[in-house]
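Biologist: Hey, got a minute to go through this one with me? I'd like to hop around a bit and ask about whatever catches my eye.

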Amino acid sequence: MSESDETPAVSDLDYETARDELAQVVATLEHGGLGLDESLALWERGEALAKHCRAQLQGAAERIEKALESSAED
């Protein structure tokens, strides 16, 4: 799977879209039947999606911590 006009860049996806696509990638890889090049490209996309999701979750956790700290100070 190559980055094309039809496949949005991972960095452009919101968390939910990236998570759903990652689940689809995992299911496709688990099902098997793909050639080596296609499997590797899909795996790489999955890795990028997972990294993006982790970063989104980390950002949300940091925002929550800041909000809690701010409310505790008030």
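Modeller: Sure. Let's start with His31, which sits in helix H1. Keep in mind that this is a predicted model.

Biologist: Is His31 buried or exposed?

Modeller: His31 counts as exposed, because its relative accessibility is 71% and the cut-off for exposed is over 50%.

Biologist: And how far apart in space are His31 and Asp14?

Modeller: They are 26 Å apart, C-alpha to C-alpha, with their positions 17 residues apart in sequence.

Biologist: What about Glu16 and Gly33, how far apart in space are they?

Modeller: That pair is 27 Å apart from C-alpha to C-alpha, and again the sequence separation is 17 residues. Glu16 is also in helix H1, and it's partly exposed, at 42% relative accessible area.

Biologist: Now Val26 and Trp43. What separates their C-alpha atoms?

Modeller: Just the number: 8.2 Å, for two residues 17 apart along the chain. Val26 belongs to helix H1 and is partly exposed, with a relative accessible area of 37%.

Biologist: Changing topic. How many salt bridges does a search of the whole structure find?

Modeller: Two. In one of them, the side chains of Glu21 and Arg45 meet, with 2.7 Å from N to O.

Biologist: Which parts does that pair tie together?

Modeller: Glu21 is in helix H1, residues 15-31, and Arg45 is in helix H2, residues 36-73, so the bridge ties together parts that are 24 residues apart in sequence.

Biologist: Are Glu21 and Arg45 buried or exposed?

Modeller: Both are buried. For Glu21 the relative accessibility is 16%, and it counts as buried because the cut-off is under 20%.

Biologist: What else does Glu21 touch, if you skip residues up to four places away in sequence?

Modeller: Besides Arg45, Glu21 touches Leu13 and Leu49.

Biologist: OK, and the other salt bridge, which side chains meet there?

Modeller: Those of Asp20 and Arg19, at 3.1 Å from N to O.

Biologist: How accessible are those two, Asp20 and Arg19?

Modeller: Asp20 is partly exposed at 44% relative accessibility. Arg19 is partly exposed too, with a relative accessible area of 37%.

Biologist: Let's move to His52. Where does that one sit?

Modeller: His52 is in helix H2. At 13% relative accessibility, it counts as buried.

Biologist: What is His52 in contact with, leaving aside its neighbours within four places in sequence?

Modeller: Val10, Ser11, Leu13 and Ala18. You've met Leu13 already: Glu21 touches that residue as well.

Biologist: Last topic, surface charge. Which residues gather in a patch of negative charge?

Modeller: Glu62, Glu65, Glu69, Glu73 and Asp74 make up that patch on the surface.

Biologist: Pick one of them for me. Where does Glu65 lie, and is it buried or partly exposed?

Modeller: Glu65 lies in helix H2. Its relative accessibility is 47%, and that counts as partly exposed.

Biologist: Nice. Can you recap the two salt bridges for my notes?

Modeller: Sure. One is Glu21 with Arg45 at 2.7 Å, where both residues are buried. The other is Asp20 with Arg19 at 3.1 Å, with Asp20 partly exposed and Arg19 partly exposed.

Notes:
Residues numbered from 1 in each chain as written. Predicted model: local features only at pLDDT ≥ 70, side-chain atom pairs only at ≥ 80, totals over all residues. Heavy atoms only, no water. Salt bridge = Lys/Arg side-chain N within 4 Å of Asp/Glu carboxyl O. Buried < 20%, exposed > 50% of the residue type's maximum accessible area, 1.4 Å probe, protein only. Helix = DSSP H or I, 4+ residues; strand = E, 2+ residues; numbered from the N terminus. Patch = residues over 30% accessible without salt bridge, like charges linked within 9 Å, V, L, I, M, F, W, Y side chains within 5 Å. Areas by Shrake-Rupley, 256 points an atom, 1.4 Å probe, with all protein chains shown as cover. Lys, Arg positive; Asp, Glu negative; His and termini not counted. Charge placed at Lys NZ, Arg CZ, Asp CG, Glu CD. Contact = heavy atoms within 4.5 Å.
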